[in-house]
Amino acid sequence: MKSSLFTVVFGLVLGLVCALVLTATAEFIKPRREANELAERYRNILEIFDIPLAEGAANQDIIRAFEDKVTIVGSDSANPDYYRYAQFIAIPAQGPGLWGPIEGLIGLAPDGVTITAVSFYKQEETPGLGGEIAGKNFTDRFIGKKLFDAAGRPALKIVRPGKASGDYQVDAISGATMTSDKVQALITAAAEKFKSTESN
Amino acid sequence: MAQSPVPIGGPTAKSTFLDGLWANNPIFCQILGICSALAVTTRLENSLVMGVALIFVIAMSNLAVSILRHLIPRRIRMIVEVAIIATFVIVFDQFLKGYYWEMSKQLGPYVGLIITNCIVMGRAEAYALQNKTALSVIDGIANGLGYTVILAIIGASRELIGTGKILGYEVLSGNWYVPNHFFIYPPGAFIALGLLIWLIRAIRPQEDDSSQSGAGS
């Protein structure tokens, strides 16, 4: 009986000490971690707008460049409707992937239709297959395509590899049909959301 | 396991150190810690940071377990060990996220997975529970170093063959060297590690290999 009591007390004290150590560390690191995360987010947006950054730019430089040049449009700045740089637009696109969430950005030219760049900066798709969506080889296929048709409806389609033609079609990655379907869904959803916020 | 003979009168600092680094190296002798050795060795820098993480975690967890070794109730000793290990791993992970963001992104989940690295818990069970505090810390550092050295060799050879670079600096000129990307993909890791273990076992003095234990993660 006595030894079981000691076991319980030992467990409690150890748990408490571990929790204290972890909380203290997390609190101590928090400002730096959050600055890193913010700079990372801003860097992705700056890259979509093709705004050059110095090699090895520090967090403050990235944040300053972003705040100088980019406007956040939308009521919730953590989850805005879109970003604007001069007449260029970047729409956040996110949704479920095959294994985990996919997050990306779609850059639009001043006409609000033609795609200037696409990036998927967060994804956990199958390496070598769906994971290739993050690579330039795939994202470059979107450049110059049109996100909306003449009537303003989302029109971009990801089609079977090698079948893409015209302004509205992009080749999928062979062997990654399911990931391609998810990417299609999140691009369409982002386009619809953008249209609805724009018309308001 | 190819246990080196323990000197009469218990392990000394020197025997403990050499044991972890070479005679009973966690990777090529005990075949432990293989998952991370395969996963993070695409570049030398990643391998080194992972090695530092492991040295820190084993040394600290061995220290804590050894200090508490007369207090830890036997029935919950494994839970206690895991709690201690997990705490130090998360501390290191947070440190990377704050001060070494790029590396933290590249290592991804593998820093957190040190919690389940057999080497760390193996040393706590096999050494820190029975030995004095100072020796346990030496044992932790030695095993971490043994792991780091092997990872560094694999990381350097994969980076060199796969990209022609070492630590990002071009070593084999792109003018005549065609990088073999195969070596930075996962299959290349298996081949590099397999060759290295074979090589080391071939040049080591022969020991009794009949009682080799199975693989761990």
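Which residues does B:Val57 touch, not counting residues up to four places away in sequence? I would like to open with that question, and before I answer I should say that the model in front of you is a predicted one. In this model B:Val57 touches B:Ile85, B:Phe88, B:Val89, B:Phe92, B:Ile114 and B:Val120.

Those contacts lead us to the interior of chain B. B:Val57 is, together with B:Ala53 and B:Val120, among the residues with the most contacts inside the largest nonpolar core, which has 47 residues. The elements of chain B that each give two or more residues to this core are α2 (34-39), α3 (44-67), α4 (77-99), α6 (118-128), α7 (133-163) and α8 (186-203). The one that gives the most is α3(B), with 10 residues. There is also a second, separate core, made of 37 residues, and it includes A:Ala90, A:Val118, A:Leu147 and A:Leu156; please keep A:Ala90 and A:Val118 in mind, since both names will come back when we reach the strands of chain A.

Staying with chain B for a moment, let us look at a pair of helices. Two packed helices are described by the angle between their axes and by the distance between those axes. For helix α1 of chain B, residues 13-23, and α7(B), the angle is about 25° and the axes are 7 Å apart. Angles under 35 degrees count as roughly parallel, and α1(B) and α7(B) are therefore roughly parallel to each other. The crossing in which α1(B) passes α7(B) is right-handed. On the side of α1(B), the residues that make the contact include B:Phe17, B:Leu21 and B:Trp22, while among those of α7(B) are B:Leu135, B:Ile138 and B:Leu145.

Now we turn to chain A and its sheet. How many strands does this open sheet have, and in what order do they stand? There are 5 strands, in the order β1-β2-β3-β4-β5, and the pairing is antiparallel. The strands at the edges are β1 (71-73) and β5 of chain A, each with a single partner strand, so one side of each is left without a neighbour in the sheet. From one strand to the next the twist averages 25°.

Let us walk across the sheet, pair by pair. Strand β2, residues 82-85 of chain A, is joined by 3 bridges to strand β3, residues 88-96 of chain A, and the two run antiparallel. Here A:Tyr83 has A:Ala90 of β3(A) as its bridge partner, and A:Ala90 is one of the residues of the second core. Moving on, β3(A) pairs with β4(A) in the antiparallel sense over 8 bridges, and a hairpin with 4 residues joins these strands. Within this pair, A:Ile91 stands opposite A:Ile106 in β4(A).

A:Ile106 also takes us to the next strand, for it stands opposite A:Val118 in β5(A), and A:Val118 is again included in the second core. Between β4(A), residues 101-108, and β5(A), residues 115-122, there are 6 bridges, and the strands run antiparallel. Another bridge partnership here is that of A:Leu108 with A:Ile115 in β5(A). The hairpin of β4(A) and β5(A) has 6 residues between the strands, and in it A:Gly112 takes a positive phi near 75°.

Is β4(A) mostly covered or mostly uncovered? It is mostly covered, with 6 of the 8 residues of β4(A) buried. Helix α1 of chain A, residues 2-48, lies across β2, β3, β4 and β5 of chain A, and runs at about 155° to β5(A).

I will finish with some residues in loops. Most residues other than glycine have a negative phi. B:Ile31, however, has a positive phi near 55°; B:Ile31 sits in the loop between α1 and α2 of chain B, and it is partly exposed, because 19 other C-beta atoms lie within 10 Å. For B:Leu167, too, phi is positive and near 55°. B:Leu167 belongs to the loop between β1 (165-166) and β2 (169-170) of chain B, and with 12 C-beta neighbours inside 10 Å it counts as exposed. In chain A, the loop between β5 and α3 (136-139) holds A:Gly135, which counts as exposed with 11 C-beta neighbours inside 10 Å.

Terms used
Residues are numbered from 1 along each chain as its sequence is written. Chains are lettered from A and ligands numbered from 1 in the order in which they are written. This is a predicted model: local features need pLDDT of at least 70, side-chain atom pairs count only at pLDDT 80 or more; totals for chains, interfaces and linings use all residues. Two strands pair if DSSP finds at least two bridges between them. A nonpolar core is a set of buried Ala, Val, Leu, Ile, Met, Phe, Trp, Tyr and Cys residues joined through C-beta atoms within 7 Å. A residue is buried if 20 or more other C-beta atoms lie within 10 Å of its own, exposed if 12 or fewer, and partly exposed in between; C-beta atoms are placed from the backbone. Two residues are in contact if their C-beta atoms, placed from the backbone, lie within 7 Å. Axes are lines fitted to C-alpha atoms, for helices over the stretch in contact, and angles run from 0 to 180 degrees between N-to-C directions. Angles under 35 degrees count as roughly parallel, over 145 as roughly antiparallel, 65 to 115 as roughly perpendicular and the rest as oblique. A crossing is left-handed if the near helix is turned anticlockwise from the far one by less than a right angle, and right-handed if clockwise.
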